Amino acid sequence: MSESPSVRLVQQSDYQFAIYYNEERDPVYGDEPPPLGRSQGATPSQFLLAGVANCLSDSLLFALRKFKQNPEPIETKARCEIGRNEQNRLRILAIYVDIHIGVPGSTLENLDRVLAQF
C-alpha cells in the first residue's frame with residue numbers, strides 16, 4: 001500500500017513558508033501578497049488552484065489513455081472567485097477550470113465514453 005500524500009511547511013518569515021513535498025528535493029515557496037506578505041512565492045490560493053487543475057488534468061489524461069487516445073499536449077487554466085462568506089470571512093467561493101487538449105475532439109475515439117468516465 002502506498003503512503004498517503006503529505007507536505008511539510010516551515011515558516012521562513014511572516015507569511016512565507018517553505019513547502020516540502022519531497023524531503024529529498026528543494027522546497028517550493030508560498031507567500032501572501034502585500035500587505036500580509038511579500039509575494040515571494042505562490043499564494044495558497046494559487047497552490048490550491050494548481051492542485052485542482054493538476055488533479056483534473058491527470059484524471060482526463062488517464063481516462064483518455066484507457067481508450068488508447070493521445071490528447072497531448074494538455075493545457076489547463078484555473079481561476080477562482082474570492083469573496084466573503086456568510087460569516088464575512090474571506091474564502092474561495094468557486095473554482096473554474098478549463099482543460100484544453102492538443103488535438104481536435106473529433107479525432108478521438110470513444111470521446112463520449114471517456115468524458116462520462118472522467
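A salt bridge here is a side-chain nitrogen of Lys or Arg within 4 Å of a carboxyl oxygen of Asp or Glu. In this predicted model, the side chains of E72 and R65 meet that criterion, with N and O 2.2 Å apart. Both partners sit at intermediate accessibility: E72 is partly exposed, at a relative accessible area of 30%, and R65 is partly exposed as well, at 48%.

The chain around this pair is built from two helices and five strands. From the N terminus onward, these elements follow the order β-β-β-α-β-β-α. Three strands thus precede the helix that comes before the remaining pair of strands, and a helix ends the pattern.

The overall dimensions come next. The radius of gyration of the chain is 18 Å, whereas a compact globule of 118 residues would have a value near 13 Å. The C-alpha trace spans about 50 × 40 × 25 Å along its principal axes. Burial can be set beside these values: 19% of the 118 residues count as buried, where buried means under 20% relative accessible area. The accessible surface of the chain amounts to about 8900 Å², and carbon and sulfur atoms account for 51% of that area. As for contacts, among those between residues at least 6 apart in sequence, 34% join residues at least 24 apart.

The charged residues offer another view of the chain. There are 12 positive and 15 negative charges, and their mean positions lie 3 Å apart. Side chains of opposite charge can pair when their charged atoms come close. Across the whole structure, a search finds three salt bridges, one of them the E72 and R65 pair already described.

Another salt bridge joins R8 and E23, whose closest N and O atoms are 2.8 Å apart. R8 belongs to strand β1 (residues 8-13), while E23 is in the loop between β2 (16-20) and β3 (28-30), so this salt bridge ties together parts of the chain that are 15 residues apart in sequence. R8 is partly exposed, with a relative accessible area of 37%.

E75 and K77 form a further salt bridge, with their closest N and O atoms 4.0 Å apart. That separation can be read against the cut-off, which admits a nitrogen within 4 Å of a carboxyl oxygen. E75 is partly exposed, its relative accessible area being 47%.

How values were computed:
Residues are numbered from 1 along each chain as its sequence is written. This is a predicted model: local features need pLDDT of at least 70, side-chain atom pairs count only at pLDDT 80 or more; totals for chains, interfaces and linings use all residues. Side-chain values use heavy atoms; hydrogens and water are left out. Helices (H or I, at least four residues) and strands (E, at least two) are DSSP runs, numbered from the N terminus. The radius of gyration is taken over C-alpha atoms; the globule rule is 2.2 Å times the number of residues to the power 0.38. Buried means under 20% relative accessible area, exposed over 50%, partly exposed in between (1.4 Å probe, protein chains only). Contact means heavy atoms within 4.5 Å. Accessible areas come from the Shrake-Rupley method with a 1.4 Å probe; for residues, only the protein chains shown count as cover. Lys and Arg count as positive and Asp and Glu as negative; His and the chain ends are not counted. The place of a charge is taken as NZ of Lys, CZ of Arg, CG of Asp or CD of Glu.
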